Amino acid sequence: MAHNRSKNKKQIHYSLLLFMVVCCLFFLQCEPDIQDMTPFEVAKKFLYSDRSAIPQVDFFGKTVLALYKSSDGQTALDNEIRTFITPVLSDLGFTVKYWDIDEAIPSLFDLGGVRAVVSWYRGGVMQDPESYVAFFNQTITSGRKFIVLDNFGAYEYKTEEENKYVDPALINLALGKLGIWYLGDWTDDPDVISITHKTPEIVEAGGKQDAVKSAFYYRFTAVDKDLRVYLSLNRTDQNLDPSPVVVSNRNGGFILSRYIYHIIDGTPQILIDFEEFLLRSLFCSAESEHIALLTDMNDLEIARIVKYVYNNLQRIDLDVSLIPKTQFLNLTPYDLRQYTGIGLFLKDAEHLNPKLLSFYLAEGGSLASFIGGFFPTFAPLFKASPIELSEVRSGTGYTIKSGFAFSEGAVIRNEITLWKTGNITPESDAVILGTDLDGNIPLVWSGQVEKGRVIVWNWNGFLGGNLMGLIVESFLYIRPVGAALTLGFGHMFIDDWPLPMYNAVKEPIAATDTEFYTTVWWPDMQEILGSRNIPYSTYLIFNYNAIVEPPFTGSEFFIADNMASVRMAQELLALGSEMCFHGYNHMSLTREETEVNLNKWPSVENMIASLEQGRNTWIRLFGDHTLPFAYVAVNNIISEDGVIALHRVFPSIKIISALHWGIGEERYTPIGPHPVLPEVYYLPRITYGYQNKAIIRELTVSGMNGPGIFSHFVHPDDVYDPYRSDGKNWQQLKREFQEILEYVKAHYPWLQWLSIRDAYTRLLEYDNAPSTFTWKDQTLTVATQPGIRFRVRPNNYRLSALEGAKILYSYKNMPYLVLEATAKTARLQFTPR
């Protein structure tokens, strides 16, 4: 059910190619109007239509299908599952449906509403073992569980011939899904069978296992590194590895005949703790860090934010699954055991039973709620009390106290965001982490509930989409020890440089724009960035015209005195700077008419023609060996048509940048590969401008708390724009810009500033080296690759031992570490504070 990022990039890319072909065939049948499209265009139509979505967990239902054989003397009313297993399943909240395998082998259609299949056969003969094995595999492949009790049931064909046995290779197609292979070597000689391992609480709950009494051996071997073995046997007359005969894994469980019970005075003595065995076979336990997002994807506001959160968690290698509201009624309390953290993105508690979360917290779970809604019955779980709807508050601005966000004790203060609370208020012993600007209305708090820990954001402030880092940090805050990958780099984007210069005097600068850009602004920027060893990329724009039909003429780039625009570009290239592309003109590559893109492109062909004009001009001026590596979307807007056009004309471009938190028409882009062009990566910008505003500091912290990047852009002409400059002169803007850089240095001194090419390389390296984080027995184990950086929030623990990693920075004002792996496995041992 889990979905993790980039486990095997090549496999994913090959799958996409196959997927594109399938898309073509599907759409050609269903949508004849696209028959003239190329396969790429068909795949694009599918990938970016409403048919594509974040993978969602399907728990299927609360029915268990119980398989028996009438040829073994079993009936629907008289079989071992009904006697021994059904009472346990009923207590777990399941209903049981009985199925005679001799009558028919079920199809997937028959599994509607079925969560798991349990078989208990007395014999190993079956009419059609091949079809049965296919059903077995389909069941597990569909995400359901399969539990085999007693005889596998398909060792031998039911024919007139005697002893026609099924090929073990066929049997192992099924049993391999349960983590074992069947290798034969049967014996019932008690003198050569011994028990080599047992888990008494599972296999001896009702009496001692006795190999002499059972006198039954088959040789099995483990083929799953995560297999849980509760009983294994040895055959002393042969030199063999122990045979696992009572096991479970993520797909189900298996118990070999004669180790379930002993007959004592004609009565079965059940040895197995069926409740515990079924719990382990039906429900996975949390191993590595894995977050579940419980959400309402039919709410467009919420769906948009969940998409952002999902992508951000994948980016930092925290496994994440999405559980939609439609699945809430299918949940049992044990379903949540597999998650180390749960995030609620809900405006109300419809269909969600509070007992589920109560059970989860009682077992030590970590719970975060991110939207203040209507939750009166959930108040005790949120470390809160309900209030009347008339007491719900609203306001503007907020403060997040020092010690929450990943930083050197930064206080986040926002004076512009509108918010509204939910209908709860924190209990007196809750820890208040954030309030309104006056400090009177709690907006975020945390606390201990049962054995678990919760954090509650009692507002709607996340719906803007620009504070994803604070959501990510919330999950780390409520763990015993929080950990996540961090990209750990910064990059400076200079949009519209070089640009057309018009030799004109414009307010508020006394000199011409050409003089200002070339003799004031650019020398200042080189000194500011150069003195701090900050690499940058610039994004050349040839024209500011609005031409969208050929011929694509334009000479704006050449009218500056002394060809200043061309000269600046040549100097950049001579310095070895990364000069990249912003466009032939300043028209966003989209066919949609928008507020800032009123003169839309009439066709992709016209986009391509304009880009070809830009490419030809670039080559004529600078040579094809200098073709750009990156592109910044004009107005931060680009459509998939635009991406295709850009890639066709500029295959050299490997980075496309827009915004990480697009609003309205601006393009939201995740950090990572394009879904159809995997060699092209999105590297969006998070912060902007020269002004050292509170919102910029807030976004800086959010970016570092999320993916772990500082990605900033400025324009040469910001001083001319009253909105972007806020009426400040260049000296004021220059001073504040340096304050932004010093803020970054103060809170993230370990940050690596990378060129755009090195940033691309880092993204590729991290995507080819997925990491997992596992917390167990006060030890954090990180499986990764040397050179990968990660951050650790010890919370109420302190680091006592470290191997396989080195500390890059230890924060002084809060418990936080930034580390770099030096081996494939890093182990951090902790002790309570």
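A residue counts as buried when its relative accessible area is under 20%. This cut-off applies at several stops of the tour below, which moves through a predicted model.

**The whole chain**

Begin with the entire protein in view, drawn as a cartoon. It holds 19 helices and 43 strands. The radius of gyration is 31 Å, close to the 28 Å that the globule rule gives for 833 residues, so the protein is as compact as a globular protein of that length. Along the principal axes, the C-alpha trace spans about 105 × 65 × 55 Å. Of the 833 residues, 58% are buried. Among contacts with a separation of 6 or more, 74% join residues that lie 24 or more positions apart.

**Helix α11**

Select residues 468-477, which form helix α11. This helix is mostly covered, and 10 of its 10 residues are buried. Glycine, serine and glutamate appear in that set as G469, S474 and E473. The other buried residues of α11 are M468, L470, I471, V472, F475, L476 and Y477.

**Strand β5**

Next, select residues 145-150, the extent of strand β5, and centre the view on V148. Is V148 buried or exposed? V148 is buried, because its relative accessible area of 0% falls under the 20% cut-off. Display its neighbours: leaving aside residues up to four places away in sequence, V148 touches S119, F136, L178, G253, F254 and I255. Now add S248, which stands 100 residues from V148 along the chain. The C-alpha atoms of V148 and S248 are separated by 10.0 Å.

Remain in strand β5 and move to D150. Its phi is near 65 degrees, a positive value in a residue other than glycine. Most residues other than glycine have a negative phi. With 11% relative accessibility, D150 counts as buried.

**A second positive phi**

Proceed to A215, in the loop between α7 (211-214) and β9 (217-222). Here phi is near 45 degrees, again a positive value in a residue other than glycine. A215 counts as buried, at 11% relative accessibility.

**The loop before α12**

Select the loop that runs between β27 (489-495) and α12, and find P498 within it. The peptide bond from W497 to P498 is cis, with omega near -5 degrees. Continue to P508, which is also placed in the loop between β27 and α12. The bond from E507 to P508 is cis as well, its omega being near 5 degrees. Most peptide bonds are trans.

**Helices α12 and α18**

For the last stop, select residues 513-531 (helix α12) together with residues 730-747 (helix α18). Two packed helices are described by the angle between their axes and the distance between the axes. What are the angle and the axis distance for α12 and α18? The two helices pack at an angle of about 20 degrees, with their axes 11 Å apart. They are therefore roughly parallel to each other, since angles under 35 degrees count as such. Their crossing is right-handed.

Show the side chains at this contact. From α12 come F516, V520, W521, D524, M525, I528 and L529, while α18 contributes W730, K734, F737, Q738 and L741. By class, nine of these residues are nonpolar, one is polar and two are charged. An α-helix has 3.6 residues a turn, so residues three or four places apart point the same way.

Definitions and conventions:
Residues numbered from 1 in each chain as written. Predicted model: local features only at pLDDT ≥ 70, side-chain atom pairs only at ≥ 80, totals over all residues. Heavy atoms only, no water. Helix = DSSP H or I, 4+ residues; strand = E, 2+ residues; numbered from the N terminus. Buried < 20%, exposed > 50% of the residue type's maximum accessible area, 1.4 Å probe, protein only. Contact = heavy atoms within 4.5 Å. Axes fitted to C-alpha atoms, helices over the stretch in contact; angles between N-to-C directions. Parallel < 35°, antiparallel > 145°, perpendicular 65-115°, else oblique. Left-handed = near helix turned anticlockwise from the far one by under 90°. Nonpolar A, V, L, I, M, F, W, Y, C, P; charged D, E, K, R; others polar. Rg over C-alpha atoms; globule rule 2.2 N^0.38 Å.
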